[in-house]
Amino acid sequence: MDRSTRSMRAKFGEELRGFRTHARFTQKQLARAANVSQSHVSSIEVGTRGTTEEQIAQFDEIVDARGSLVGRWRAIFRAGGLPAWFTDKADLQARANQIHEYQISLIPGLLQTPKYAEELLRFGRVVREGDHLRSVLDARMKRQEILKGEDPPWYVVVLDEPWLHRPVGGARVMRAQLEYLLVVSEWSRVTVQVIPMDTTTLAGIDGSFQLIWVPGQGEYVYSETRNRADFSTDPDQLRDYTRLFGELRGAALPEDGSRGLIRTIMKEYE
């Protein structure tokens, strides 16, 4: 966990403790009402553990904070340049030794150019302008450092071809993005594969996801929508998503073929 994430968690932990004590709940009482362990609540309050917005909403209801606790959660983490629900993913990626990702609708954040990322942030109305846009964009670019360190994770990405034809930000921005995708695809621990548009597979139609392996901690499956994220360590879900990722890789072109397809698509933007 980096220093900024640790600081944000500690700050929110103080907020949770304040709301809990004001409602005259002990850690044990809050934990029992939320159906979690006391150590779970304690670790959130001291900032050593992250959580999800859904759980914060549950705590909010239990202590009768009337939305104020959720509001503080969002404000603290957004001020740090990341959506509140995203910080656990950033933490896991930073400590992972292997990441498998399938993206159905865009180029993954770890492989985005600044201009492409900025257009997505505006297009998706995550942020629009000003200092907040810059802070979110800087945070996204900073995350890419995990692929450039001395011991980066093995990163395997499967993309769907149709999105590569959409000129996000215009022809110049998209061409630069595809050029960067080709460069990164040559890195020793990065694999980029593309599922051709004419494939008949519907394996990934349910949406994008990641499989993240963290040494000493285990495996996670992560799926993301506009305003929330879902993590799971359930063995059945892990087996299902691992099988699914294998099917998607089987439907995709091999690495050289994928690079050839990307080069062909780039000609659309000349």
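**Strand pairing, nonpolar cores and helix packing**

In strand β4, the residue that serves as bridge partner of His 100 is Leu 211. This pairing, like every feature described below, is taken from a predicted model. His 100 also stands opposite a residue of β2, namely Val 156. At the level of whole strands, β1 and β2 run parallel and are joined by six bridges, while β1 and β4 are paired in the antiparallel sense through five bridges. Strand β1 comprises residues 98-103, and five of its six residues are buried, so the strand is largely enclosed by the rest of the structure.

The largest nonpolar core of the model contains 33 residues, and the members that touch the most other members are Leu 111, Leu 178 and Ile 262. At least two residues of this core are supplied by each of the helices α7 (114-123), α9 (161-164), α10 (171-185) and α12 (255-266), and likewise by each of the strands β2 (154-160), β3 (190-195) and β4 (209-214). The largest share comes from α10, which provides six residues. The surroundings of Ile 262 can be described in detail. When residues up to four places away in sequence are not counted, Ile 262 touches Leu 164, Leu 178, Leu 181, Leu 182, Val 192 and Val 194. Apart from the core to which Ile 262 belongs lies another core, of 17 residues, which includes Val 41, Ile 44, Leu 69 and Trp 73.

Attention now turns to helix α4 and its packing. Within this helix, which spans residues 53-62, the buried residues are Glu 53, Gln 55, Ile 56, Phe 59 and Asp 60. Around the helix axis these residues cover an arc of only 155°, which means that they lie on the same side of α4. Just after the helix, Asp 64 adopts a positive phi of about 60°.

Two packed helices are described by the angle between their axes and the distance between the axes. For α2 (residues 27-34) and α4, the axes come within 10 Å and cross at roughly 115°. The crossing in which α2 passes α4 is right-handed. On the α2 side, the contact is made by Leu 30, Ala 33 and Ala 34, and on the α4 side by Gln 58, Phe 59 and Ile 62. Phe 59 is thus among the buried residues of α4 and also takes part in the contact with α2.

Notes: Residues numbered from 1 in each chain as written. Predicted model: local features only at pLDDT ≥ 70, side-chain atom pairs only at ≥ 80, totals over all residues. Heavy atoms only, no water. Core = buried A, V, L, I, M, F, W, Y, C linked by side-chain atoms within 4.5 Å. Buried < 20%, exposed > 50% of the residue type's maximum accessible area, 1.4 Å probe, protein only. Helix = DSSP H or I, 4+ residues; strand = E, 2+ residues; numbered from the N terminus. Contact = heavy atoms within 4.5 Å. Arc of directions from axis to C-beta. Pairing = 2+ DSSP bridges. Axes fitted to C-alpha atoms, helices over the stretch in contact; angles between N-to-C directions. Left-handed = near helix turned anticlockwise from the far one by under 90°.
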